[in-house]
Amino acid sequence: MDTVQITDKSSYFSPKLNTIDDAIQFLESHNSKKYNSFKKYDIDRIIKLLKKTNQEIDTLNENIETTTTHMTHIKTQSDKAKKIGKAHTDRIEIFTKLFRNFKKLFEPEYYLDGGVNGSWIRQLFELPYALANNFNEIGFGNPLGHDLDLVLINNIQIDMNSYNTKFIKVMKSFQEHVTLSAVSELINPIIIANKILIQVSDNTLIQEDIKESDPVGKKVLVDIPHYIFKFKDLEDNSIFEVDILAHKPQSREGWTTADFNVNQYILNETGITSLYNEEYWSSSINKEDFFDFFDFLDSIKKREAICKIDFNTLLDNTKRWGLLRKEKVGYFMQIAFLLTNRFKILNVGYSNITSKRNMIDYTINKTEDCVITGCQPPYYEITLKCLHKLSLMCFIGILEESKFDSSEAIRCPICRSDFDINLIEKKPEEQKYFELKNMNDIIKKQLENCYLEEKEESKIQSDDSEEYIKSLINKKTEPPRNINNQLPRNVDNQLPRIGRGRTNWDTS
Ligand SMILES: [Zn+2]
């Protein structure tokens with residue numbers, strides 16, 4: 001290029017100057033030796049300036065890129081927050097509308113004292129923490145993808161047969177309405193929160209659906225009328241399900257209605273109530289199983305779920321005399337069911353599961369494949385009483401295959417000892433209270449590490465007779481008692497002084 005002759009215009013081949021790099025290259029190759037040093041110097045300066053400009057443009061581009069990434073991130077976050085917010089408000093609307101309508105259909109014949117329970121109430125209270133954390137914890141405070149669980153009746157003292165008949169009748173009229181609204185324009189479909197009710201299906205478990213080895217938690221649902229309402233979102237076509245159970249199942253053999261303290265609340269027309277208070281006040285649950293609303297808030301803050309299941313009782317059931325193997329399997333399967341279905345709370349922000357009672361000895365293997373089944377980590381491991389560890393897959397495998405075993409015993413596959421789960425202590429942290437100090441504490445502190453001078457004397461009266469006389473005299477001079485029926489105390493917490501400087505009466 002540096003041989004271009006500028007004298008002949010027609011033969012001049014104009015270089016491409018589309019970029020700064022082109023310009024730099026052009027100038028560099030044209031900074032001919034023929035130029036004088038001033039001109040050369042100027043061209044060098046222009047090249048330098050162009051190079052610097054180029055660098056600045058690069059930095060700017062990089063900045064724009066980071067900003068764009070950041071903006072996209074913020075947009076994703078705010079979209080997520082908006083979606084979660086909408087999921088919550090939709091649930092509020094759907095729940096209140098449905099429940100109000102159910103009440104109108106059932107009352108005054110039946111008073112619906114149930115409400116919405118399950119994870120949603122927990123998520124409502126997780127929400128402020130999730131917001132404070134930019135929804136960074138997966139699943140925390142986020143109800144998307146979870147259905148809404150309604151239980152219409154908590155008080156199961158009523159005549160269940162006629163109530164169940166009424167419940168089924170009401171559900172069937174919903175079913176009929178949905179069908180009619182789909183075929184006739186004269187019938188308005190049921191739409192709540194821009195979601196249209198498209199299906200009402202019967203999901204009631206009957207005895208024939210149940211195997212002996214099914215977990216207790218499934219068995220308690222047998223014959224409780226159970227319907228699912230499916231709503232389709234008119235905007236994005238997503239399906240939202242509402243689970244409607246006619247009444248609360250009865251708790252059985254160590255199996256409670258709520259698995260964790262964070263899942264024990266129910267929301268209805270009166271507000272938020274504990275599923276447990278009723279049972280507690282009727283004294284059918286132990287005081288140690290009682291959790292108040294402050295515990296609930298604390299647990300959410302600490303991302304700690306306190307397990308309410310009484311594993312001692314559950315496992316004691318497996319040791320009952322004369323129990324058939326398949327019945328035993330049912331109880332063990334309950335624990336397997338618990339780990340697979342209930343401990344899912346560990347997937348939605350909770351990092352710790354504790355218990356005021358004993359806890360099953362479980363761990364999560366995050367590193368190795370299961371040696372027996374070859375399954376990849378992570379998976380649960382259960383420690384048996386003999387301290388052999390089994391993966392949950394292996395645990396279930398043994399229970400399932402033992403159905404074909406002729407003996408009634410279930411054994412550890414490694415040491416052949418009786419199959420039993422180890423229980424350990426995993427207590428929640430003790431609540432800390434203020435320790436209020438008063439004057440006494442200072443005086444006591446000053447009296448620490450000192451002692452009274454010893455006095456030498458021989459005793460004329462026995463201790464017994466001395467005490468007796470003391471009690472007689474004290475009786476006479478007893479001061480009036482205060483409202484708590486306690487003697488008024490002085491600052492140093494001694495009984496009132498009689499005379500100068502002496503406490504009570506002393507015989508010396
Ligand atoms: Zn063993």
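**Exercise 1. Find the buried residues of helix α10 (residues 392-401) and work out how they sit around the axis.**

Start with the list: Leu392, Phe395, Ile396 and Leu399 are buried, meaning that 20 or more other C-beta atoms, placed from the backbone, lie within 10 Å of their own. Helices here are DSSP runs of H or I with at least four residues, strands are runs of E with at least two, and both are numbered from the N terminus.

Next, look down the axis. These residues span an arc of only 90°, so they share the same side of α10; the arc is taken from the directions between the helix axis and the C-beta atoms. An α-helix has 3.6 residues a turn, so residues three or four places apart point the same way.

Last, see what they pack against: α9 (325-342), β13 (379-383) and β14 (389-391). Two residues are in contact if their C-beta atoms, placed from the backbone, lie within 7 Å.

A word on what you're looking at: this is a predicted model, where local features need pLDDT of at least 70 and side-chain atom pairs count only at pLDDT 80 or more, while totals for chains, interfaces and linings use all residues. Residues are numbered from 1 along each chain as its sequence is written.

**Exercise 2. Describe how α1 (residues 20-30) and α2 (residues 37-106) cross.**

First the geometry: their axes come within 10 Å and cross at roughly 160°. Axes are lines fitted to C-alpha atoms, for helices over the stretch in contact, with angles from 0 to 180 degrees between N-to-C directions.

Now name the arrangement: α1 and α2 are therefore roughly antiparallel, the word for angles over 145 degrees.

Then pick out the partners. α1 brings Ile20, Ala23, Ile24, Leu27 and Glu28, and α2 offers residues including Ile43, Ile46 and Leu50. Sorted by class, the contact has eight nonpolar, two polar and two charged residues. Ala, Val, Leu, Ile, Met, Phe, Trp, Tyr, Cys and Pro count as nonpolar, Asp, Glu, Lys and Arg as charged, and the others, Gly among them, as polar.

**Exercise 3. Do the same for α3 (residues 119-132) and α7 (residues 293-302).**

Geometry again: the axes are 10 Å apart, at an angle of about 40°. α3 and α7 are therefore oblique to each other, since that angle isn't under 35, over 145 or from 65 to 115 degrees.

For the partners, Phe125, Glu126 and Tyr129 of α3 meet Leu297, Ile300 and Lys301 of α7. That gives four nonpolar, no polar and two charged residues.

Methods. A residue is buried if 20 or more other C-beta atoms lie within 10 Å of its own, exposed if 12 or fewer, and partly exposed in between; C-beta atoms are placed from the backbone.
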